[in-house]
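Welcome! Take a moment to look over the sequence and the fold before reading on.

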Amino acid sequence: MFSEQFFSVQNGRIHITAPQASYFAKEVAGDFNPIHDPDARRFCVPGDLLFTVVLIRFGLSETMTFRFRNLLGAGIPLIFRESDDGETIEVMDDAGKIYLDVTRRGDVTRDAKVIEEFARCYVAASGKNFPHTLKPLMESKGVMFNPARPMVMYESMSLALSRLENPEPELVLDRADLEVAGKRGNVTLDYQLRSSGELVGDVSKRLVLGGLREYCPDAMAGIVEEFYRLKARGTRLGMDSNDQLAGP
């Protein structure tokens with residue numbers, strides 16, 4: 001099943017291994033940022049995977065907002081704590097450090113097929129962030145991130161659906177904006193969610209760019225070339241067997 005590939009449950013805690021997180025980033029999200037490679041020194045579990053685990057465990061609601069609070073390393077046992085009224089969810093470790101908080105309202109579906117289709121559609125949009133969307137956006141503002149250490153992080157993600165069951169959902173980028181504040185950039189990506197050509201919802205992502213500097217076409221060309229080099233390695237980097245996907 002979709003869920004069993006990317007995390008495991010042990011003693012009431014969610015466990016995500018580095019190979020599981022890396023495979024999700026590459027295979028589902030199309031995200032080839034080396035920070036998600038299993039052997040990366042600064043390895044980080046993709047926020048899109050935490051987003052997906054929330055949907056799998058608690059369902060898809062008509063209105064949801066996800067706020068990312070801290071970067072998550074591999075192998076940290078996670079608690080998913082739901083409020084008594086079901087309107088908030090916190091993802092934290094045993095020490096109480098919060099990595100993600102979620103607010104939600106409206107009707108909920110727990111249909112596994114509906115959730116998987118929506119999650120794959122939503123997360124796949126991340127694979128188009130760079131270079132497809134961010135490169136021209138940075139170029140238009142005359143800035144770019146540090147080529148040696150590009151920093152692109154999720155700040156928040158939100159969705160508002162007019163209905164929950166949407167066959168073959170598709171996200172269509174409607175607006176992209178970058179606000180520059182010194183060395184920091186705040187990116188807003190607004191999407192339309194469509195199903196069979198019909199508008200059925202709105203989705204918004206907010207990203208943070210760090211270490212901004214003056215845009216350099218040659219340096220950016222090198223970053224894009226490296227992106228496609230990493231992509232050419234495939235989605236199973238660092239995986240010797242299927243056992244690595246099954247969790248500890």
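This short report looks at one strand with its neighbours, and then at a cavity.

## A strand between two partners

Keep in mind that this is a predicted model. Let's begin with strand S10, which covers residues 184-195. Is S10 mostly covered or mostly open? Ten of its twelve residues are buried, so S10 counts as mostly covered, with "buried" standing for under 20% relative accessible area.

S10 pairs with strand S9, residues 169-181, through twelve bridges, and these two strands run antiparallel. To see one of these pairings, find Glu170 and then look across to Arg194 in S10, its bridge partner. On the other side of the sequence, strand S11 (residues 198-210) is also antiparallel to S10, with eleven bridges joining them. Here you can look for Leu193, whose bridge partner in S11 is Gly201.

## Two hairpin turns

How do you get from S9 to S10? These strands form a hairpin with two residues between them. In that turn, Gly182 has a positive phi of about 65°.

S10 and S11 make a hairpin as well, again with two residues between the strands. The turn residue to find here is Ser196, with a positive phi of about 55°.

## A cavity inside

Rolling a probe the size of a water molecule over the atoms reveals where empty space remains. In this structure, one cavity reaches 30 Å³ or more, and the largest cavity holds about 40 Å³ of space.

Which residues line the largest cavity? They are Val114, Phe118, Leu164, Asn166, Pro169 and Leu193. Five residues of this lining are nonpolar, one is polar and none is charged. Leu193 is also the residue whose bridge partner in S11 is Gly201.

Note on methods:
Residues numbered from 1 in each chain as written. Predicted model: local features only at pLDDT ≥ 70, side-chain atom pairs only at ≥ 80, totals over all residues. Heavy atoms only, no water. Buried < 20%, exposed > 50% of the residue type's maximum accessible area, 1.4 Å probe, protein only. Helix = DSSP H or I, 4+ residues; strand = E, 2+ residues; numbered from the N terminus. Pairing = 2+ DSSP bridges. 1 Å grid on protein atoms, 1.4 Å probe; cavity = no way out; pocket = protein on both sides within 12 Å on 5 of 7 lines; lining within 4 Å. Points joined across faces, edges and corners; volume = space filled by probe spheres on them. Nonpolar A, V, L, I, M, F, W, Y, C, P; charged D, E, K, R; others polar.
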